[in-house]
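Please open the model in your viewer and keep the selection tool at hand. The stops below say what to select next and what is found there.

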Amino acid sequence: MPHSHTNIHYSANAIAAKTAPTVAGAVVDLLCGLGVDTFFGIPGGSIIAVFDAIVKNPKATLIEPRHETHAAFEAMGAFRASGRAAAVLVTSGPGATNVVTGVAAAHFERVPMLVMAGDTAWERTGRRLLQSLGPEGVDIEEMLRGLTRTTVRLGPTSALAQVRAAVRAARNPRNPGPVLIVAPIDCLDGAARAERPRTLPLRVAEGAIDPARLAHAAQMLARAERPLVVVGAACRPAADPVRRLVDAIGAPFMTTPQAKGIVPEDHPLSLRNGGMSSSLWARRYSDTKPDVALVLGTDLDDVSTAGTPPVGPGGRVIHVDTDPRAIGRNFPTALALVHDVGAVAEELARIPAFEATAQRGAELAARARLRSPFDVPDFDADDSLPIAPHRVIADLERALPPQATIVTDIGEHMLFALHYLTARSPERFVIHLGLGSMASGIASAVGLALADRSRPVACICGDGGMHMAGMEILLAIKHRLPIVYAVFNDARYNMVHHGHRMTYTRTDIAACASRPWETPPIDFVKWAEATGARGVRIERPGEITRGLLEGAMADRVPLVLDIRQARDTRISGDGRIQTLIAMAGARP
């Protein structure tokens, strides 16, 4: 009997061991409790325990992209639509190295994101192992250290505390961004140890805004002859107070490309976007050499200022940002306010110093807005053939419902989207220019549509980007996301083509037999149909209609528009190429 009793005892232990929560299960449950319940990832051996925990957890949602970097861009899109951080799961070795571009983009755009990378058990075994992320392998912690807010390697006794700390670091309101959690396979499969639940609120060490500095900023703006407000992407969480501040100051304002729409572009003081592909309004006002500029939530990089510097010689910049590294980097700063942009906007708008500025600001804005802001004033009526890219933008904008979100990928098409689209709300326009990665918009469109199914999504992209990331459309098909992909199909890297010709003016470029930037034309109608999506060829003005788009939306199927536009039509002042030419110096 004692022997029989012992056998029963060991069997019960074995059953308990199998049913006890693993570290992977406990981590997924914790993340869901912290509001990180959507996981974008591609499975692999070293991270499979986390995937197993997700599919068992009714609170968790698993999205399976086609590439790790696209997973990160989809997580960025989901954050943009919902305000909720998402997790990206990658396996060891190439899974971790593939995600680097997406992590870099999230870093520059300050998007909170948890990147969890599975790893081999090299610490426990002491051996060199295939796809190791440790110091004798990829050394992923060192690789991503400059792009993440923190990096942690999970241990069996402290995994949950480490995950909590990582979530807090990702959501730090002073400097949100991606974090890296390295999860060794032997840790994930181990039994979870009980940890006492605790709440660790993030305390931001930030004092009150100095009233004297606020008053000084208000006086500088009120006394300026040619004041300007520059609205940057970091203003997005504070769109309402920033708009109230714009109204209170009464000065003309422009947005950076990433901030397009944060304050509506049909506002009477709007100069639309400056910098890359800037409006003629912004260029005209910048040519008057503004003497005081209030800069909100941007580092004033070349993409944001090329062709439209915020101040002229001797002008003074008042710079507001939560990140001190953004201040004084590209333009001298006369007055810096390192604080939350929304809080500064609220306080500054209450100061009565601007009562006399409204009339002057309205006159300055009206003068800059006397003529059309567009390179082609009547672009929406251009009936030329082949269809002009600006007419494509006009037709697409007319056909989409007003609540739709339009995301642009990176390429020549992006310049037309920036210049000709009119964004009347913060949700209308999305562009990922923190890193400027091709395929970012194509993948982000999936995240946007997943996170907010009430808002239609259209992606303006090129054939080159679709070559890189087009198979992400399989996610849209699987999840019944009626995304419209408007593909500018010019059979070449068109931005590279034009930039090369502008930078190097040798006559032999035009006659180059190899045409290095060109590709065989792809029939994206057949491609779309092969994947299970719908495809339509667009060659003439007026073929993109509301009925065409509404039909795809009603059927909840992605729609690919294969657009054969005039590929040699250009924006006169795209800004970026001119800046690169200036950086390189004069060419012989």
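Select Glu-518 to begin: at 28% relative accessibility, Glu-518 counts as partly exposed, a term that covers the range between buried, under 20% relative accessible area, and exposed, over 50%, all with a 1.4 Å probe and protein chains only. This is a predicted model, in which local features need pLDDT of at least 70 and side-chain atom pairs count only at pLDDT 80 or more, while totals for chains, interfaces and linings use all residues. Residues are numbered from 1 along each chain as its sequence is written, and side-chain values use heavy atoms, with hydrogens and water left out.

Now add Arg-567 to the selection, and the side chains of Glu-518 and Arg-567 can be seen to meet in a salt bridge of 3.3 Å, N to O; the term stands for a side-chain nitrogen of Lys or Arg within 4 Å of a carboxyl oxygen of Asp or Glu. This pair links distant parts of the chain, 49 residues apart, with Glu-518 in the loop between helix H22 (494-503) and helix H23 (524-531), and Arg-567 in the loop between strand S18 (559-563) and helix H25 (576-584). Helices (H or I, at least four residues) and strands (E, at least two) are DSSP runs, numbered from the N terminus. Arg-567 is partly exposed as well, with a relative accessible area of 25%.

How many salt bridges are there by this rule? The count comes to 30, and a second one to select joins Asp-266 and Arg-424, whose side chains meet at 3.2 Å, N to O. Here too distant parts of the chain are linked, 158 residues apart: Asp-266 sits in the loop between strand S8 (253-255) and S9, and Arg-424 in the loop between helix H18 (412-420) and strand S14 (429-431). Asp-266 is partly exposed at 47% relative accessible area, whereas Arg-424, at 51%, counts as exposed.

Move next to helix H17 (residues 389-399), where Asp-395 and Arg-391 both lie, 4 residues apart, about one turn of the helix. Asp-395 forms a salt bridge with Arg-391, and the closest N and O atoms are 2.7 Å apart. Are these two residues buried or exposed? Asp-395 is buried, with a relative accessible area of 3%, and Arg-391, at 9%, counts as buried too. Widen the selection to Asp-380, Asp-383 and Arg-398, which are linked with Arg-391 and Asp-395 in a network of salt bridges.

In the loop between helix H16 (357-368) and H17, select Pro-386; the peptide bond that runs from Leu-385 to Pro-386 is cis, with omega near -5°.

The aromatic rings come next, and the structure holds 5 aromatic pairs. Phe-374 and Phe-379 have ring centres 4.8 Å apart and planes at 65°, so the pair is edge-to-face; rings of Phe, Tyr and Trp (its six-membered ring) pair if their centres lie within 6.5 Å, with planes under 30 degrees apart counted as stacked, over 60 as edge-to-face and the rest as tilted. Phe-374 is buried at 12% relative accessible area, and Phe-379 is buried at 9%. Add Phe-416 and Tyr-420 to these two, and the selection shows a cluster linked by ring pairs.

For the open sheet, select its 6 strands, which follow the order S9-S8-S7-S10-S11-S12 with parallel pairing; two strands pair if DSSP finds at least two bridges between them. The edge strands are S9 (270-273) and S12 (335-337), each of which pairs on one side only. Within the sheet, strand S10 (residues 292-296) and strand S11 (residues 316-320) pair in the parallel sense over 5 bridges, and Val-295 has His-319 in S11 as its bridge partner.

Finally, two residues can be selected for their backbone angles. Asp-139, in the loop between helix H7 (122-125) and helix H8 (140-144), has phi near 55°, a positive value in a residue other than glycine, and Asp-139 is partly exposed at 27% relative accessible area. Ala-439, in the loop between S14 and helix H19 (440-451), has a positive phi near 85°, and at 2% relative accessibility Ala-439 counts as buried.
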